[in-house]
Structures are given as structure tokens and as C-alpha cells.
Amino acid sequence: MLKRFRSYHRWFFILSTIITISFSRTELLSNLYVQIILTVISVSIFGIPHGTFDFELIKSNKLISNFFKSSNRFGFSYLVLAALLALIWLGVPSFALSFFLLTSVYHWGESDARAPENSSCLELVRYLIEFSFYGTALISLSSVFHREILINLFSILSNQATATNLVNILNSLSHLIIFFSFLLLNYYSFRAKINKALEILLVTLAMLYCEPLIGFIIYFCFLHSPKHILDFFEKGDVPKKFFTKLLIGTIVSLIFMFLIFLYINGLSVDDINLQIFKVVFISLAGLTIPHVIFVRLWHLRLNSSLSIN
């Protein structure tokens, strides 16, 4: 069953990425307003719901104190932490944006890179390269051909000076990430792991070719989030009433999206673009930090269990 779901996801990612790349330069998908709306919809359907199972993570793995065994206490604490992080963003946006990007790089790298199969030097080097590729491909490769767009998006979340400095750093990393992509393509092709090689190739092409928000949809919503959900199946941490909880997470996300549209009603098009983008990404950042913490604790528990066994 798990292999079948992974196969479905693999084909979903391949087809949806190829289709999105094919239409990404059309007038419709080049429109910032359309990109933001598609981002909101995709994050609501694929992105936010994959964090729905954080409570199951800490409950089934006994990651933190008994205080959080109550779903109400956990949910309240989760939202308080997310709100606190959002307030920090409003107060010191430059620090918050930098911290969010660093956290995302670590989380994507840890979650999407294939873990080392042994302790050999070659395998550890492969893992570090793959970790770096998945962690930074989205934001670094987008800066190669879409530098000004990325600066404008980061400026909305912080200021012009911070945005320019961050994009310059990412752009300087992009050549290394392209080289890493080449190494990984050769590594997996040589070992006849075509599916993994194709995934790396598509991620590289999509992040280089598509504008940043479209690239974000492809990576975060089409690749990362479904992978995270499938990891629950593989590690045996599937909560009861799985699809019910997934549906609840999706519905809550869609309600959140609806409230955003009520909030922006009556604003000009430029203001709408600005407000939607800020609300979505600052909210996503607030939810991402606690999610990253719990996933990291989960991985530590899994690694300790494997070492004991």
C-alpha cells in the first residue's frame, strides 16, 4: 500500500511539475495576483494540512511533557507560539525573515534528503550534498533568473536593504547548488535510481525556470508536503482516522483563506497583492517554526530508537 501511494505521489509530482513548468511563462501565471491566489490555495490544500499531525507526533512518541497530551492544550500552545513569532516578525522583520529562511533550509534539507544508508565517507558526503541541495534549491536557484522578483517579494516581508543582501547571498550560492545538482544526477543515474534522478532534475529546472512563487508551489506543495505525510505511514506513526484529520486540517486552512479574502475586500489590486502575500507567508512562518521543532524531535526519537535496536 505504501509503495503504491509513493508511486502515486511520484507521478503526481512529475506530471504536475511538467505541466506547471509548461504554463509558467503564460500571461496568466505571470500575473502576481494569480500567483498569490494559487499559492494560497495550494498551501491550504497541501501545505498547512501536513502539519496537522504534529500533535500525533508528540503524543505517540512521548516527545514532551504530559502537559501537551491534551489536544486543546497542545493546539493553544502551538497557536500562541505561532502568534508570538508573527508578532516578532512585525517588530523585527529583517531578523524574522532571515531566521525563517534558515529554519526552512534546515527543515527541507533534513526532511527531503535521503538519510545515510551507512557510515561510509562517500555516503556521508552524498547526504551533505543532498541536504544542501534540497534545503536551498528553492530560494537560491530562483535568484539566478528572477533576482528582481525575489528582491521585491522579500522587500514586502522586510525591507529593500535586507532583501537585496539576502538575495545576493543566495545568488552566490546558486552556482554551488547547480553543481550539487549535477553531482546528484550523476550519482543516482549511475546507480540506476532514475526516479530520484528525475526528481532532482525537475526540482532544478523548475526552480531555475519558474518565478519564485510558482517554484514555491512546486516544491513545498507538490513535493515536500506529500513526502512528509507519507513518512508517517513508513515510520508507523499513522494516526487513527487519518483522512478525517487531514480533511479537518484542509477545511481549517480553507476557512483561513476565506478570512483573508474578507480582510482584503475593498482594497486596490496592488494592496491586495501586498496584504495577501504578507498574511500568508508571515502566518506560514509562524506555523513553520513549531512544526520544525516537533519534526526534529521526532527524528531524534527515531534515530535513538534505531541505535538502541
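Start by selecting helix α6 (residues 121–145) together with α8: the two pack at an angle of about 135°, and their axes are 7 Å apart. That angle makes α6 oblique to α8. Keep in mind as you click around that this is a predicted model. Turn the view until one helix lies over the other, and you'll be looking at a left-handed crossing of α6 past α8. Color the contact by residue class and you should get 15 nonpolar, 7 polar and 3 charged residues.

Next, keep α8 and add α9. Helix α8 covers residues 160–190 and helix α9 covers residues 194–209; their axes come within 8 Å and cross at roughly 160°. Anything over 145 degrees counts as roughly antiparallel, so α8 is roughly antiparallel to α9. This crossing, α8 past α9, is left-handed. Show side chains for the contact: α8 brings Ile 178, Ser 181, Leu 184, Leu 185, Tyr 188 and Ser 189, while α9 brings Lys 196, Ala 197, Ile 200, Leu 201, Thr 204 and Leu 208. Sorted by class, the contact of α8 with α9 has 8 nonpolar, 3 polar and 1 charged residues.

Now follow the chain from α8 into α9 and stop at Ala 192, which sits in the loop between them. What is the sign of phi at Ala 192? It is positive, about 60°, although Ala 192 is not a glycine. For background, most residues other than glycine have a negative phi. Is Ala 192 buried or exposed? Ala 192 has a relative accessible area of 60%, so it counts as exposed.

Time to go inside. Select Phe 133 and display what it touches: leaving out residues up to four places away in sequence, you'll find Ile 177, Ser 181, Leu 184, Ile 200, Val 203 and Thr 204. Phe 133 also belongs to the largest nonpolar core, which has 64 residues. Phe 133 is among the core residues with the most contacts inside it, along with Trp 89, Phe 154, Val 203, Met 207 and Ile 218. Which helix gives this core its largest share? Highlight helix α10 (residues 212–235), which supplies 10 residues.

For the last stop, pick Ile 88 in helix α4 (residues 71–91). Ile 88 has 33% relative accessibility and therefore counts as partly exposed. Add Gly 286 and draw a distance between the two C-alpha atoms: they are separated by 9.5 Å, although Ile 88 and Gly 286 are 198 residues apart along the chain.

How values were computed
Residues numbered from 1 in each chain as written. Predicted model: local features only at pLDDT ≥ 70, side-chain atom pairs only at ≥ 80, totals over all residues. Heavy atoms only, no water. Core = buried A, V, L, I, M, F, W, Y, C linked by side-chain atoms within 4.5 Å. Buried < 20%, exposed > 50% of the residue type's maximum accessible area, 1.4 Å probe, protein only. Helix = DSSP H or I, 4+ residues; strand = E, 2+ residues; numbered from the N terminus. Contact = heavy atoms within 4.5 Å. Axes fitted to C-alpha atoms, helices over the stretch in contact; angles between N-to-C directions. Parallel < 35°, antiparallel > 145°, perpendicular 65-115°, else oblique. Left-handed = near helix turned anticlockwise from the far one by under 90°. Nonpolar A, V, L, I, M, F, W, Y, C, P; charged D, E, K, R; others polar.
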